[in-house]
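Let's take a walk through this model together, one neighbourhood at a time. Keep the sequence and the coordinates open as you read.

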Amino acid sequence: MKLYYIETYGCQMNIADSELVAGILQKEGYVQAGCMDDADVIFLNTCAIREHAEKKIHSRLGVLNKLKQNNPAMVLGILGCMAQHVKDDILENKPYVDFVLGPDTYRRIPQLLRRHKELQTSIVDTRLSRFEVYEDLFPSRREGINAWVSIMRGCDKFCTFCIVPFTRGRERSRPLKSICNEIEKAVDKGYVEITLLGQNVNSYYFGSARFPDLLDAVAKIPGVQRVRFTSPHPKDVDDDMLFVMRDNNNLCKSIHLPLQSGSDHVLKRMSRTYNQNEFLALVTRIKEILPGCSLTTDIIVGFPGETGADFEETLKIMKIVKFDSAFTFKYSSRQGTKAAEFNDQISETEKQVRLEALITLQSQHTLFNNSREIGNSLKVLVEKESKKDSNKWAGRTDTNKWVIFPKGHTRIKEFVDIKITSAHGVSLFGIPELNLESTYAVI
Ligand code: 5AD
Ligand code: SF4
């Protein structure tokens with residue numbers, strides 16, 4: 001019996017890809033190892049989006065090199081975005097790496113493992129495909145509430161800061177029928193929430209089916225209780241998508257809308273294809289059609305040429321929109337992208353100052369929005385035990401906010417009405433509606 005171990009870095013797309021690779025290996029008779037030290041095959045599924053992500057992998061490889069010295073028969077492979085990006089470096093400087101495989105090569109893994117066994121040489125395959133969507137392969141998912149379902153791969157937007165179009169190649173979508181089949185199987189296995197994934201999820205297009213058609217079809221699959229999707233591009237959000245979200249209760253009222261910058265000058269140099277006014281008009285439209293819909297975002301500080309005034313524009317847009325939460329990043333220069341060639345790079349110190357200002361402002365907005373929920377009763381899907389208190393559950397609202405509450409008689413995968421009593425940090429706290437009377441009696 002051969003054992004495998006996959007360590008995953010980066011975005012949800014990588015989590016889904018690791019589950020796909022696990023499915024492929026299990027079909028070949030491999031079994032998941034309990035820990036890395038026991039494994040015959042170790043894959044690191046890597047991310048190249050920022051320098052920091054790559055550094056983490058390099059230091060991890062140092063540890064694995066030592067592991068391999070103790071167990072030379074162990075096979076070590078690099079998968080994913082970084083494979084595509086740094087294959088030469090890995091081949092020249094890290095001869096103990098047996099495989100370097102890009103994100104479109106996973107179907108060939110069984111054949112490549114056999115070839116490696118015969119030839120005992122390193123194998124590199126980072127070819128990108130215009131067609132590969134793995135529509136006929138079934139991932140081996142971790143048990144839980146949520147099933148990640150990849151609906152499209154790659155990106156054609158070429159934002160000037162982003163390495164993804166180079167590491168993951170051209171945009172391609174998966175047949176609607178194969179997506180629905182996979183979701184039906186996931187529901188049969190007990191998953192109650194489906195998250196549709198793609199680098200540019202809402203530019204989905206297969207035959208005559210666009211993203212709103214897919215959303216509608218997925219919402220109508222019996223047993224699908226919640227549907228989320230990530231990450232959309234603001235340019236591809238249209239009324240049809242919003243109407244379908246409005247008309248289906250199980251499509252969660254939560255949209256991740258990456259702003260990246262609030263300055264028209266910076267947005268143009270980023271090639272984001274929208275300006276400040278267009279972004280704000282879109283936010284207004286979303287709130288019109290989906291009142292109460294939560295909005296989250298991604299923002300980059302210190303993009304080349306970003307002046308103090310540009311940064312103020314970002315803060316201004318944040319203050320107008322008041323996002324529910326934000327992923328905030330310091331710009332990281334990625335070799336091969338257009339922005340890496342811009343000669344007006346911003347100092348690390350300035351980036352840090354701007355990042356801290358952004359984080360402070362966002363935490364005020366998160367708390368402001370969450371505090372407005374105090375006194376409301378929200379429907380929460382019970383997901384897991386609270387990390388801080390084993391007597392409490394943690395679950396999410398439709399709008400993707402975490403709520404912590406006493407377990408009472410409720411169970412995982414149940415929907416519970418929670419009366420919100422307070423908001424701290426990024427979470428809400430409350431009491432199950434049914435328990436209210438007895439709780440007050442005790443008080
Ligand atoms: N530097 C910093 N952040 C980046 N992102 C993408 N590329 C870079 C980069 N070079 C951020 C964007 C994107 C998120 C997934 O990562 O905000 O939306
Ligand atoms: Fe990167 Fe832009 Fe494509 Fe998103 S839309 S993956 S930020 S190039």
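Asp 324 has contacts, beyond its neighbours within four places in sequence, with Ser 294, Leu 295, Thr 296, Gln 362, Thr 366, Asn 369 and Lys 401. One of these partners, Asn 369, also meets Asp 324 through a polar contact between the two side chains, at 3.2 Å. You will find Asp 324 in the loop between helix H11 (308-321) and E16. Is Asp 324 buried or exposed? Its relative accessibility is 13%, and because buried means under 20%, Asp 324 counts as buried. Please keep in mind throughout that this is a predicted model.

From here, turn to Glu 348, which is found in helix H12 (residues 348-371). With a relative accessible area of 46%, Glu 348 is partly exposed. Its C-alpha atom and that of Ser 294 are 32 Å apart, and their positions lie 54 residues apart along the chain. Ser 294, you may recall, is among the contacts of Asp 324.

Next comes ligand 1. Which residues surround it? They are Ile 49, Arg 50, Phe 161, Gln 260, Asp 298, Ile 300, Phe 329, Lys 330, Tyr 331, Ser 332 and Arg 334. Sorted by class, this shell holds five nonpolar, two polar and four charged residues. Three close approaches are worth displaying. A polar backbone atom of Phe 161 is 3.0 Å from a nitrogen atom of the ligand, and a polar backbone atom of Ser 332 is 2.8 Å from a nitrogen atom of ligand 1. On the side-chain side, Gln 260 places a polar atom 2.7 Å from an oxygen atom of ligand 1. Taken on its own, ligand 1 has 410 Å² of accessible area, and the protein covers 86% of this. Strand E15 (294-301) and strand E16 (325-330) are the elements that give two or more residues to the shell.

Gln 260 deserves a second look. It lies in the loop between strand E14 (254-256) and helix H9 (264-270), and it is buried, with a relative accessible area of 7%. Its phi is near 70°, a positive value in a residue other than glycine. Most residues other than glycine have a negative phi, and most peptide bonds are trans.

Two further places in the backbone belong with that remark. Tyr 134 is not a glycine, yet it has a positive phi of about 55°. This residue sits in the loop between E6 and strand E7 (146-150), and at 2% relative accessibility it counts as buried. The other place is a peptide bond: the one from Thr 230 to Ser 231 is cis, with omega near -5°. Ser 231 belongs to the loop between strand E13 (226-230) and helix H8 (239-247).

Now for ligand 2, whose surroundings consist of Cys 155, Lys 157, Phe 158, Cys 159, Phe 161, Cys 162, Val 164, Pro 165, Asn 200, His 233 and Arg 272. This shell divides into seven nonpolar, two polar and two charged residues. Phe 161 appears here and also in the shell around ligand 1.

Let us move on to helix H4 (residues 109-119). Which of its residues are buried? The buried residues are Ile 109, Pro 110, Leu 112, Leu 113 and His 116. Viewed down the axis of H4, they fall within an arc of 165°, so they line one face of the helix. The cover over them includes helix H1 (12-27), strand E3 (41-46), strand E4 (75-80), strand E5 (99-101) and strand E6 (123-125). Just after H4, Gln 120 takes a positive phi of about 55°.

Strand E3, part of that cover, is also the place of Asn 45. Asn 45 is buried, with a relative accessible area of 0%. Not counting residues up to four places away in sequence, it touches Glu 7, Thr 8, Tyr 9, Asn 14, Asp 17, Ser 18, Leu 79, Gly 80 and Tyr 106.

Our last stop is Arg 210, in strand E12 (residues 209-210). Arg 210 is partly exposed, with a relative accessible area of 29%. Leaving aside neighbours within four places in sequence, its contacts are Tyr 204, Tyr 205, Asp 238 and Asp 240. The C-alpha atoms of Arg 210 and Leu 176 are separated by 9.4 Å, with the two residues 34 apart along the chain.

Definitions and conventions
Residues numbered from 1 in each chain as written. Chains lettered and ligands numbered in written order. Predicted model: local features only at pLDDT ≥ 70, side-chain atom pairs only at ≥ 80, totals over all residues. Heavy atoms only, no water. Buried < 20%, exposed > 50% of the residue type's maximum accessible area, 1.4 Å probe, protein only. Helix = DSSP H or I, 4+ residues; strand = E, 2+ residues; numbered from the N terminus. Arc of directions from axis to C-beta. Contact = heavy atoms within 4.5 Å. Near = heavy atom within 4 Å. Polar contact = N/O pair within 3.5 Å; in protein donor to acceptor, adjacent residues only side chain to side chain. Areas by Shrake-Rupley, 256 points an atom, 1.4 Å probe, with all protein chains shown as cover. Nonpolar A, V, L, I, M, F, W, Y, C, P; charged D, E, K, R; others polar.
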